[in-house]
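Please look over the sequence and the model below before reading on. The text then goes through the contacts with DNA and two of the helices.

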Protein chains: 2
Amino acid sequence: MEESQLLRGVLEGCVLAIIARGETYGYEILTELTDSGFEGLMEGTLYPILTRLEKKGLISCRKEKSPYGPIRKYFSVTEAGAAYLASFRESYRRISVSADTILNREAESK
Amino acid sequence: MEESQLLRGVLEGCVLAIIARGETYGYEILTELTDSGFEGLMEGTLYPILTRLEKKGLISCRKEKSPYGPIRKYFSVTEAGAAYLASFRESYRRISVSADTILNREAESK
DNA sequence: TTTACTACTTTGCGTCACCAAGTAGCGTGG
DNA sequence: CCACGCTACTTGGTGACGCAAAGTAGTAAA
């Protein structure tokens with residue numbers, strides 16, 4: 001599918017935005033993403049994103065037992081993460097404006 | 001830059017959309033893209049896209065002399081290309097709706 | 001003939017979504 | 001008690017594609 005290419009980078013920003021709404025953990029993020037329209041998303045896609053975000057210092061991690069399964073890793077955004085998210089939103093907006101301009105332009109006289 | 005990741009796949013669709021407006025060639029597409037907001041775009045990025053689109057049979061190519069420089073390769077979309085463009089627009093819209101939902105959601109009670 | 005603009009090509013690189021498989025804690029039904 | 005299903009995180013390999021950098025080449029003006 002060509003779809004996977006369109007998700008590049010977008011996913012990372014979305015994950016950060018979800019965590020920014022309140023401390024949460026991987027599995028919950030996954031269901032939230034699939035509910036929001038990212039339907040085919042696999043665990044093998046999400047968890048590396050979380051690892052990456054943590055490694056970049058954009059989110060921090062806290063472990064806590066789950067009543068239903070293995071240990072959960074709760075994430076929350078750091079200051080750097082909040083700043084990054086803001087700049088991400090701006091980049092995303094700018095690019096989508098450009099793309100919309102081109103994609104939605106009618107076939108004019110040229 | 002993280003920007004380059006956000007361009008993934010988007011560029012290919014935009015290039016196709018530009019060609020769909022009327023037969024054109026690489027260098028002109030490049031200036032059109034940079035004018036539309038894709039400012040840092042390099043030739044080494046665009047031309048491989050054109051090669052790929054042609055190899056997939058989404059565009060066809062015709063050579064013609066330029067009054068100002070080397071030979072130009074004029075491209076136009078094929079039937080398959082038009083169909084692909086339509087499905088691309090739909091994919092793009094669906095994904096950007098999902099992303100907007102997440103990115104523009106206020107920090108609610110959760 | 002040097003500079004500048006037009007115009008296309010090629011190579012190597014790094015990022016990241018995807019797939020597949022694996023590990024593991026917990027609860028329920030047979 | 002053990003197989004199943006849900007929760008929850010991990011890992012390794014693959015492939016797509018944007019980017020930087022350099023090269024080739026035609027035209028025309030300085």
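Which polar side-chain atom lies 2.5 Å from a base oxygen of DNA strand C? That atom belongs to A:Arg8. The model is predicted, so local features need pLDDT of at least 70 and side-chain atom pairs count only at pLDDT 80 or more, while totals for chains, interfaces and linings use all residues. Residues are numbered from 1 along each chain as its sequence is written, chains are lettered from A and ligands numbered from 1 in the order in which they are written, and side-chain values use heavy atoms, with hydrogens and water left out.

Around DNA strand C there are 30 residues, where a residue is near a strand if one of its heavy atoms lies within 4 Å of it. A:Arg8, B:Arg8, B:Tyr47, B:Arg72 and B:Lys73 come nearest. Sugar or phosphate supplies 67% of the strand C atoms within 4 Å of the protein, and bases supply the rest. Two side chains have a polar atom beside a phosphate oxygen of strand C: A:Arg52 at 3.2 Å and B:Tyr27 at 2.8 Å. H4(A) gives the largest share of this surface, 4 residues; helices (H or I, at least four residues) and strands (E, at least two) are DSSP runs, numbered from the N terminus.

DNA strand D is surrounded by 31 residues, the closest being A:Arg8, A:Ser66, A:Arg72, A:Lys73 and B:Arg8. Of the strand D atoms that come within 4 Å of the protein, sugar and phosphate account for 68%. A phosphate oxygen of strand D is 2.7 Å from a side-chain N or O atom of A:Ser66, and a phosphate oxygen is 2.9 Å from such an atom of A:Tyr47. On the base side, a nitrogen of strand D is 3.4 Å from a polar backbone atom of B:Tyr68.

Away from the DNA contacts, consider H2(A). Of its 11 residues, 10 are buried, so the helix is largely enclosed by the rest of the structure; buried means under 20% relative accessible area (1.4 Å probe, protein chains only). Among them are A:Leu11, A:Cys14 and A:Ile18. Just after H2(A), A:Gly22 takes a positive phi of about 160 degrees.

Helix H5 of chain B runs over residues 79-103. Its 25 residues should span 36 Å at 1.5 Å a residue, and the end C-alpha atoms are 36 Å apart, which agrees. The expected span is 1.5 Å times one less than the number of residues. Buried residues of H5(B) include B:Tyr84, B:Phe88 and B:Ile95. Their cover includes H5 of chain A and H2 of chain B.

Technical notes
Polar contact = N/O pair within 3.5 Å; in protein donor to acceptor, adjacent residues only side chain to side chain. Buried < 20%, exposed > 50% of the residue type's maximum accessible area, 1.4 Å probe, protein only. Contact = heavy atoms within 4.5 Å.
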